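Here are some exercises to work through with the model open in your viewer. Try each task before you read the solution.

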Amino acid sequence: MDNSNQKIHTFLMFEGKAEEAMNYYTSIFDQSEIMTITRYGENGPGEEGTVVQATFSIKGQVFMCSDSYVKHEFTFTPSISLFVTCDTEEEINRAFEELSEDGNVYMPLQAYPFSEKFGWVGDKFGVTWQLNLAKS
């Protein structure tokens, strides 16, 4: 996948869960893959084997992520979310079910005045997702 023209990437910062999150996200959505991973070595500064920087794609959109070796007091917030247009009922149902497991449902998956099927969920890592079914 050539995304050399993409100049802005969403960058997700985790504390030791970046690879787990990437594997999780790419297993949920169609047309998704882990593209690159650079890991910390034995000389740090992060824990050996954790992610210095990685890229993955979901439905052709490239994201970046890392494991912060600095502990911090902040995390993800629902005020920013990833809006995904799902192509099929099966995909939106699967994504909503899996992302809401051990997470938070902000808007249940159902019809709304603005969409025939939509749901908003925060996943187990704290990342929030707005899932919308493509118009048929």
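Two strands count as paired if DSSP finds at least two bridges between them. Keep in mind that this is a predicted model.

**Exercise 1. Work out how β6 and β7 are connected, and find the partner of Y112.**

Step 1. Take strand β6, residues 104-112, and strand β7, residues 115-122: they run antiparallel and 5 bridges join them.
Step 2. That count meets the cut-off of at least two bridges.
Step 3. Now look at what sits between the strands: 2 residues, in a hairpin formed by β6 and β7.
Step 4. Y112 has S115 of β7 as its bridge partner.

**Exercise 2. Lay out the sheet that contains β6 and β7, and say which strands stand at its edges.**

Step 1. Continue from β7 to β8: these two are antiparallel as well, with 5 bridges. Across this pair, F118 stands opposite N132 in β8.
Step 2. Put the strands in order and you get β5-β8-β7-β6, an open sheet of 4 strands with mixed pairing.
Step 3. The edges belong to β5 (82-86) and β6; each has a single partner strand, so one side of each has no neighbour in the sheet.
Step 4. For the geometry, neighbouring strands here are turned by 15° against each other on average, direction ignored.
Step 5. Add the helix: α2, residues 89-100, lies across β5, β6, β7 and β8 and runs at about 20° to β7.

**Exercise 3. Do the same for the sheet that holds β1, β2, β3 and β4.**

Step 1. Strand β3 (residues 51-58) pairs with strand β4 (residues 61-67) over 5 bridges, in the antiparallel sense. Within this pair, T55 has M64 of β4 as its bridge partner.
Step 2. The full order is β1-β4-β3-β2, which is an open sheet of 4 strands with mixed pairing.
Step 3. β1 (10-14) and β2 (32-39) are the edge strands; since each has a single partner strand, one side of each is left without a neighbour in the sheet.
Step 4. From one strand to the next, the twist averages 20°.
Step 5. Helix α1, residues 18-28, lies across β1, β2, β3 and β4, at about 10° to β3.
Step 6. Check which α1 residues are buried: A18, A21, M22, Y24, Y25, T26 and I28. What they pack against includes β1, β2, β3 and β4, and also α2 and β8.

**Exercise 4. D123 is buried: what does its side chain reach, given that it has no salt bridge?**

Step 1. Locate D123 in the loop between β7 and β8 (128-133).
Step 2. Look for a charge partner: the nearest side chain of opposite charge is K124, 8.3 Å away. A salt bridge has to be within 4 Å, so that pair doesn't qualify.
Step 3. Turn to polar partners. The D123 side chain reaches the backbone nitrogen of F125 at 2.7 Å, and makes a polar contact with the side chain of W129 at 2.9 Å.
Step 4. Beyond four places in sequence, the residues in contact with D123 are Y25, L99, G103 and W129.

**Exercise 5. Trace salt bridges that involve helix α2, and say how exposed their partners are.**

Step 1. Start from the total: the structure holds 6 salt bridges.
Step 2. R94 and D30 meet at 2.9 Å, N to O. R94 is in α2 and D30 in the loop between α1 and β2, so the pair ties together parts 64 residues apart in sequence. Both are partly exposed, R94 at 22% relative accessibility and D30 at 34%.
Step 3. K59 and E91 meet at 3.2 Å, N to O. K59 is in the loop between β3 and β4, E91 is in helix α2, and they are 32 residues apart. K59 is partly exposed at 22%, while E91 is buried with a relative accessible area of 1%.
Step 4. K117 and E89 meet at 2.8 Å, N to O. This pair links strand β7 to helix α2 across 28 residues. K117 is buried at 15%, whereas E89 is partly exposed at 42%.
Step 5. Finish with the network: salt bridges that share partners join K59, D87 and E91.

Conventions:
Residues numbered from 1 in each chain as written. Predicted model: local features only at pLDDT ≥ 70, side-chain atom pairs only at ≥ 80, totals over all residues. Heavy atoms only, no water. Axes fitted to C-alpha atoms, helices over the stretch in contact; angles between N-to-C directions. Contact = heavy atoms within 4.5 Å. Buried < 20%, exposed > 50% of the residue type's maximum accessible area, 1.4 Å probe, protein only. Lys, Arg positive; Asp, Glu negative; His and termini not counted. Polar contact = N/O pair within 3.5 Å; in protein donor to acceptor, adjacent residues only side chain to side chain.
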